[in-house]
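User: I'd like to go through this model with you and ask how each label is justified. Could you set the values against the cut-offs as we go?

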Amino acid sequence: MDRYARWNALLEILTDSGRISVEDAADRLDVSQATIRRDFDQLAQQQMITRTRGGAVANGVSYDLPLRYKTAKHAPEKQRIGAAAAALVSPGMVVALNGGTTTTEVARALAVRPELTGGVDDAQLTVVTNALNIANELLVRSRMKIVVTGGVVRPQSFELVGPLGGNILRDVTLDIALLGVDALDVTLGAAAHHEGEAAMNSLMVARARRVVIIADSSKLGGHAFARICPIDRIDTLVTDSNATQQTLDAFRAAGVTIVTA
(Lines give C-alpha, C1' and ligand atoms only; values in the text may rest on other atoms or scores of the structure.)
Protein backbone atom coordinates (compact mmCIF):
# COMPACT_ATOMS: atom_id res chain seq x y z
CA MET A 1 0.00 0.00 0.00
CA ASP A 2 1.53 3.32 -1.07
CA ARG A 3 1.57 6.41 1.12
CA TYR A 4 -1.47 8.14 -0.39
CA ALA A 5 -3.56 4.96 -0.23
CA ARG A 6 -2.50 4.52 3.39
CA TRP A 7 -3.36 8.11 4.25
CA ASN A 8 -6.71 7.74 2.53
CA ALA A 9 -7.44 4.63 4.59
CA LEU A 10 -6.45 6.35 7.83
CA LEU A 11 -8.62 9.37 7.09
CA GLU A 12 -11.58 7.15 6.27
CA ILE A 13 -11.16 5.28 9.55
CA LEU A 14 -11.05 8.57 11.45
CA THR A 15 -14.11 9.83 9.58
CA ASP A 16 -16.04 6.74 10.72
CA SER A 17 -14.72 6.33 14.27
CA GLY A 18 -13.43 9.76 15.26
CA ARG A 19 -10.19 8.44 16.77
CA ILE A 20 -7.68 5.60 16.42
CA SER A 21 -4.54 4.48 18.20
CA VAL A 22 -1.18 3.91 16.54
CA GLU A 23 -1.29 0.22 17.49
CA ASP A 24 -4.78 -0.31 16.07
CA ALA A 25 -3.97 1.55 12.85
CA ALA A 26 -0.79 -0.49 12.35
CA ASP A 27 -2.72 -3.74 12.81
CA ARG A 28 -5.52 -2.72 10.45
CA LEU A 29 -3.20 -1.57 7.68
CA ASP A 30 -0.56 -4.25 8.26
CA VAL A 31 2.35 -1.81 8.56
CA SER A 32 4.75 -0.93 11.34
CA GLN A 33 3.82 1.40 14.19
CA ALA A 34 6.74 3.63 13.18
CA THR A 35 5.16 4.07 9.74
CA ILE A 36 1.81 4.99 11.29
CA ARG A 37 3.47 7.51 13.61
CA ARG A 38 5.10 9.20 10.59
CA ASP A 39 1.77 9.17 8.74
CA PHE A 40 -0.02 10.75 11.70
CA ASP A 41 2.67 13.40 12.07
CA GLN A 42 2.52 14.32 8.36
CA LEU A 43 -1.28 14.43 8.30
CA ALA A 44 -1.26 16.58 11.44
CA GLN A 45 1.18 19.01 9.79
CA GLN A 46 -1.36 19.41 6.97
CA GLN A 47 -4.10 20.00 9.57
CA MET A 48 -5.98 16.93 8.36
CA ILE A 49 -6.03 15.34 11.83
CA THR A 50 -5.13 16.18 15.43
CA ARG A 51 -2.32 14.19 16.97
CA THR A 52 -2.93 12.71 20.42
CA ARG A 53 -0.78 10.72 22.82
CA GLY A 54 -0.62 7.29 21.23
CA GLY A 55 -2.91 8.05 18.31
CA ALA A 56 -4.96 10.63 16.43
CA VAL A 57 -8.45 12.12 16.29
CA ALA A 58 -10.44 13.57 13.40
CA ASN A 59 -10.37 17.33 12.95
CA GLY A 60 -14.03 17.58 12.04
CA VAL A 61 -13.21 18.52 8.45
CA SER A 62 -12.01 15.12 7.32
CA TYR A 63 -15.30 14.50 5.48
CA ASP A 64 -14.01 16.90 2.81
CA LEU A 65 -10.68 15.32 1.94
CA PRO A 66 -8.37 16.82 -0.66
CA LEU A 67 -8.92 15.31 -4.10
CA ARG A 68 -5.54 13.57 -4.19
CA TYR A 69 -6.56 11.43 -1.19
CA LYS A 70 -9.88 10.38 -2.70
CA THR A 71 -8.66 8.74 -5.89
CA ALA A 72 -8.42 5.22 -4.46
CA LYS A 73 -11.92 5.19 -2.99
CA HIS A 74 -14.44 3.23 -5.14
CA ALA A 75 -12.03 3.55 -8.09
CA PRO A 76 -13.43 0.71 -10.29
CA GLU A 77 -17.00 1.96 -9.81
CA LYS A 78 -15.97 5.50 -10.70
CA GLN A 79 -14.27 4.36 -13.90
CA ARG A 80 -17.39 2.50 -15.02
CA ILE A 81 -19.61 5.44 -14.09
CA GLY A 82 -17.31 7.79 -15.98
CA ALA A 83 -17.57 5.71 -19.15
CA ALA A 84 -21.37 5.46 -18.85
CA ALA A 85 -21.75 9.21 -18.33
CA ALA A 86 -19.44 9.99 -21.26
CA ALA A 87 -21.65 7.82 -23.46
CA LEU A 88 -24.48 10.35 -22.93
CA VAL A 89 -22.48 13.01 -24.79
CA SER A 90 -22.86 13.49 -28.55
CA PRO A 91 -20.65 15.43 -31.01
CA GLY A 92 -21.34 19.15 -31.12
CA MET A 93 -22.64 19.41 -27.57
CA VAL A 94 -21.66 22.03 -25.00
CA VAL A 95 -20.92 20.07 -21.83
CA ALA A 96 -20.33 21.28 -18.26
CA LEU A 97 -18.10 19.31 -15.89
CA ASN A 98 -17.43 20.19 -12.27
CA GLY A 99 -14.53 18.85 -10.22
CA GLY A 100 -14.08 15.57 -8.42
CA THR A 101 -12.71 12.08 -8.88
CA THR A 102 -15.74 10.72 -10.73
CA THR A 103 -16.02 13.63 -13.16
CA THR A 104 -12.29 13.28 -13.80
CA GLU A 105 -13.07 9.76 -15.03
CA VAL A 106 -15.79 11.23 -17.25
CA ALA A 107 -13.24 13.62 -18.75
CA ARG A 108 -10.82 10.77 -19.42
CA ALA A 109 -13.55 8.76 -21.12
CA LEU A 110 -14.52 11.74 -23.29
CA ALA A 111 -10.90 12.34 -24.29
CA VAL A 112 -10.52 8.91 -25.90
CA ARG A 113 -13.63 9.17 -28.09
CA PRO A 114 -12.27 10.18 -31.51
CA GLU A 115 -15.66 11.29 -32.85
CA LEU A 116 -15.77 14.06 -30.25
CA THR A 117 -12.49 15.69 -31.23
CA GLY A 118 -12.02 17.69 -34.39
CA GLY A 119 -9.33 20.01 -35.71
CA VAL A 120 -8.16 23.16 -33.99
CA ASP A 121 -10.75 25.33 -35.70
CA ASP A 122 -13.64 22.86 -35.74
CA ALA A 123 -13.82 21.30 -32.29
CA GLN A 124 -16.53 18.66 -32.10
CA LEU A 125 -17.18 19.20 -28.42
CA THR A 126 -17.08 22.22 -26.10
CA VAL A 127 -16.40 21.55 -22.43
CA VAL A 128 -17.06 24.21 -19.80
CA THR A 129 -15.42 23.41 -16.46
CA ASN A 130 -14.40 25.05 -13.22
CA ALA A 131 -11.89 22.27 -12.46
CA LEU A 132 -8.26 22.95 -13.38
CA ASN A 133 -7.26 19.29 -13.37
CA ILE A 134 -10.08 18.37 -15.75
CA ALA A 135 -9.17 21.21 -18.11
CA ASN A 136 -5.61 19.89 -18.11
CA GLU A 137 -6.74 16.30 -18.74
CA LEU A 138 -8.67 17.37 -21.82
CA LEU A 139 -6.15 19.88 -23.15
CA VAL A 140 -3.30 17.39 -23.27
CA ARG A 141 -5.32 14.46 -24.59
CA SER A 142 -7.78 15.93 -27.09
CA ARG A 143 -8.61 18.84 -29.40
CA MET A 144 -11.87 19.77 -27.75
CA LYS A 145 -12.71 23.39 -27.12
CA ILE A 146 -12.12 23.98 -23.42
CA VAL A 147 -13.69 26.89 -21.53
CA VAL A 148 -12.47 27.42 -17.96
CA THR A 149 -14.50 29.56 -15.62
CA GLY A 150 -12.85 32.24 -13.55
CA GLY A 151 -12.70 32.23 -9.79
CA VAL A 152 -10.45 31.48 -6.84
CA VAL A 153 -8.81 28.05 -6.74
CA ARG A 154 -9.92 25.74 -3.95
CA PRO A 155 -6.87 23.49 -3.39
CA GLN A 156 -8.84 20.57 -1.97
CA SER A 157 -10.70 19.97 -5.25
CA PHE A 158 -8.75 22.03 -7.83
CA GLU A 159 -12.03 23.85 -8.50
CA LEU A 160 -12.51 27.55 -9.19
CA VAL A 161 -15.19 29.11 -7.00
CA GLY A 162 -16.59 32.56 -6.29
CA PRO A 163 -18.34 35.34 -8.22
CA LEU A 164 -15.71 35.69 -10.95
CA GLY A 165 -16.64 32.30 -12.37
CA GLY A 166 -20.32 33.04 -12.08
CA ASN A 167 -20.01 35.88 -14.57
CA ILE A 168 -18.88 33.46 -17.27
CA LEU A 169 -21.45 30.79 -16.50
CA ARG A 170 -24.31 33.28 -16.73
CA ASP A 171 -23.33 34.04 -20.33
CA VAL A 172 -23.23 30.49 -21.71
CA THR A 173 -25.84 27.90 -22.65
CA LEU A 174 -25.13 24.25 -21.85
CA ASP A 175 -26.60 21.21 -23.56
CA ILE A 176 -25.77 18.95 -20.63
CA ALA A 177 -24.26 19.36 -17.17
CA LEU A 178 -22.43 16.30 -15.86
CA LEU A 179 -22.01 16.94 -12.15
CA GLY A 180 -20.34 15.00 -9.41
CA VAL A 181 -21.84 15.53 -5.95
CA ASP A 182 -21.02 14.73 -2.34
CA ALA A 183 -24.55 13.54 -1.62
CA LEU A 184 -27.82 12.85 -3.42
CA ASP A 185 -31.13 12.35 -1.65
CA VAL A 186 -34.66 12.05 -3.03
CA THR A 187 -35.97 14.63 -0.56
CA LEU A 188 -32.96 16.93 -0.16
CA GLY A 189 -31.68 16.83 -3.74
CA ALA A 190 -28.03 17.12 -4.77
CA ALA A 191 -25.54 18.69 -2.38
CA ALA A 192 -21.86 19.47 -1.80
CA HIS A 193 -19.82 19.88 1.36
CA HIS A 194 -18.47 23.28 0.31
CA GLU A 195 -20.83 26.19 -0.31
CA GLY A 196 -18.61 27.74 -3.00
CA GLU A 197 -18.59 24.56 -5.04
CA ALA A 198 -22.35 24.18 -4.60
CA ALA A 199 -22.93 27.73 -5.86
CA MET A 200 -20.90 27.11 -9.03
CA ASN A 201 -22.68 23.83 -9.61
CA SER A 202 -26.05 25.53 -9.17
CA LEU A 203 -25.15 27.99 -11.91
CA MET A 204 -24.27 25.11 -14.21
CA VAL A 205 -27.65 23.54 -13.46
CA ALA A 206 -29.41 26.82 -14.22
CA ARG A 207 -27.72 27.09 -17.63
CA ALA A 208 -28.16 23.44 -18.70
CA ARG A 209 -30.90 21.88 -20.79
CA ARG A 210 -30.20 18.49 -19.19
CA VAL A 211 -28.74 17.76 -15.76
CA VAL A 212 -26.95 14.47 -15.10
CA ILE A 213 -25.75 13.63 -11.61
CA ILE A 214 -22.78 11.28 -11.45
CA ALA A 215 -22.48 9.53 -8.10
CA ASP A 216 -21.32 6.13 -6.88
CA SER A 217 -23.73 4.27 -4.63
CA SER A 218 -21.99 5.46 -1.44
CA LYS A 219 -23.30 8.99 -2.13
CA LEU A 220 -26.96 8.00 -2.50
CA GLY A 221 -29.25 8.78 0.42
CA GLY A 222 -26.60 10.92 2.09
CA HIS A 223 -26.61 14.61 2.92
CA ALA A 224 -24.10 17.45 2.69
CA PHE A 225 -23.94 21.06 3.83
CA ALA A 226 -24.91 23.07 0.72
CA ARG A 227 -27.65 22.20 -1.76
CA ILE A 228 -26.90 22.27 -5.47
CA CYS A 229 -30.40 21.68 -6.80
CA PRO A 230 -33.69 19.96 -5.92
CA ILE A 231 -34.46 16.49 -7.21
CA ASP A 232 -36.98 17.74 -9.77
CA ARG A 233 -34.20 19.56 -11.64
CA ILE A 234 -32.25 16.33 -12.17
CA ASP A 235 -32.94 14.41 -15.38
CA THR A 236 -30.56 11.45 -15.04
CA LEU A 237 -28.53 9.68 -12.35
CA VAL A 238 -25.49 7.63 -13.35
CA THR A 239 -24.42 5.29 -10.55
CA ASP A 240 -22.92 1.85 -9.99
CA SER A 241 -24.50 -1.58 -9.64
CA ASN A 242 -24.03 -1.60 -5.86
CA ALA A 243 -26.98 0.75 -5.39
CA THR A 244 -29.97 -1.06 -3.87
CA GLN A 245 -33.12 -1.56 -5.89
CA GLN A 246 -35.13 0.25 -3.22
CA THR A 247 -32.90 3.30 -3.51
CA LEU A 248 -33.08 3.34 -7.30
CA ASP A 249 -36.85 2.89 -7.28
CA ALA A 250 -37.19 5.95 -5.05
CA PHE A 251 -35.25 8.07 -7.55
CA ARG A 252 -37.28 6.69 -10.45
CA ALA A 253 -40.49 7.57 -8.60
CA ALA A 254 -39.16 11.12 -8.35
CA GLY A 255 -38.84 11.26 -12.15
CA VAL A 256 -35.12 10.59 -12.45
CA THR A 257 -33.83 8.30 -15.21
CA ILE A 258 -31.31 5.78 -13.90
CA VAL A 259 -28.20 4.61 -15.73
CA THR A 260 -26.36 1.82 -13.89
CA ALA A 261 -22.72 1.17 -14.74
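Analyst: Gladly! Let's begin with strand pairing: two strands pair if DSSP finds at least two bridges between them. One such bridge has Ala192 and, in E13, its partner Ala226. Please keep in mind that this is a predicted model.

User: What makes E11 and strand E13 count as a pair?

Analyst: E11 and strand E13 (residues 226-229) share 3 bridges in the antiparallel sense. Pairing needs at least two bridges, so E11 and E13 with their 3 bridges qualify.

User: And how do you know that strand E10 pairs with strand E11?

Analyst: The reasoning runs the same way. Strand E10 (residues 183-185) and strand E11 (residues 189-192) run antiparallel and are joined by 3 bridges, and because at least two are needed, they pair. Asp185 stands opposite Gly189 in E11, and the connection from E10 to E11 is a hairpin through 3 residues.

User: Let's turn to charges. Why is the contact between Asp39 and Arg6 called a salt bridge?

Analyst: The side chains of Asp39 and Arg6 meet at 2.5 Å, N to O. A salt bridge asks for a side-chain nitrogen of Lys or Arg within 4 Å of a carboxyl oxygen of Asp or Glu, so the 2.5 Å contact of Arg6 and Asp39 meets the definition. Asp39 belongs to helix H3 and Arg6 to helix H1 (residues 3-17), so this pair ties together parts that are 33 residues apart in sequence. The structure holds 8 salt bridges.

User: Are those two partners buried or exposed, and how do you know?

Analyst: Buried means under 20% relative accessible area. Asp39 has 1%, so Asp39 is buried. Arg6 has 11% and therefore counts as buried too.

User: What makes Arg51 and Asp41 a salt bridge?

Analyst: Their side chains meet at 2.9 Å, N to O, and the limit is 4 Å, so the label holds. Arg51 sits in strand E2 (residues 49-52) and Asp41 in helix H3, so the pair ties together parts 10 residues apart in sequence. For these two, the accessibility values are 29% for Arg51 and 36% for Asp41. Partly exposed is the class between under 20% and over 50%, so Arg51 is partly exposed, and so is Asp41.

User: How do you know that Glu137 and Arg108 link distant parts of the chain?

Analyst: First the contact: the side chains of Glu137 and Arg108 meet in a salt bridge at 3.0 Å, N to O. Glu137 is in helix H6 (residues 132-141) and Arg108 in helix H5 (residues 101-111), 29 residues apart. Glu105, Arg108 and Glu137 are joined into one network by salt bridges that share partners. Glu137 is buried at 16% relative accessible area, while Arg108 is partly exposed at 32%.

User: Which residues form the negative surface patch, and why is it called negative?

Analyst: The patch is formed by Glu23, Asp24, Asp27 and Asp30. Asp and Glu count as negative, so the patch takes that name.

User: What makes Asp30 exposed?

Analyst: Asp30 has a relative accessible area of 71%, and exposed means over 50%, so the term applies. Asp30 is found in the loop between helix H2 (22-29) and helix H3 (33-45). Asp30 also has a positive phi of about 60 degrees, although it is not a glycine.

User: Which residues make up the nonpolar surface patch?

Analyst: Leu132, Val148, Val153 and Phe158 form this patch, with about 280 Å² of accessible area together. Patch members need over 30% relative accessible area. Val153, in strand E7 (residues 152-154), has 41%, so Val153 passes that cut-off and counts as partly exposed. Phe158 is partly exposed at 32%, so Phe158 passes as well. Phe158 lies in the loop between E7 and strand E8 (159-161) and has a positive phi of about 65 degrees although it is not a glycine.

User: One last check: why is Leu10 called buried?

Analyst: Leu10, in helix H1, has a relative accessible area of 1%, and the cut-off is under 20%, so Leu10 is buried. From Leu10 to Thr239 there are 229 residues in sequence and 26 Å in space, C-alpha to C-alpha.

Terms used. Residues are numbered from 1 along each chain as its sequence is written. This is a predicted model: local features need pLDDT of at least 70, side-chain atom pairs count only at pLDDT 80 or more; totals for chains, interfaces and linings use all residues. Side-chain values use heavy atoms; hydrogens and water are left out. Patches are made of residues with over 30% relative accessible area and no salt bridge: like charges are joined within 9 Å, nonpolar side chains (Val, Leu, Ile, Met, Phe, Trp, Tyr) within 5 Å. Accessible areas come from the Shrake-Rupley method with a 1.4 Å probe; for residues, only the protein chains shown count as cover. The place of a charge is taken as NZ of Lys, CZ of Arg, CG of Asp or CD of Glu. Helices (H or I, at least four residues) and strands (E, at least two) are DSSP runs, numbered from the N terminus. Buried means under 20% relative accessible area, exposed over 50%, partly exposed in between (1.4 Å probe, protein chains only).
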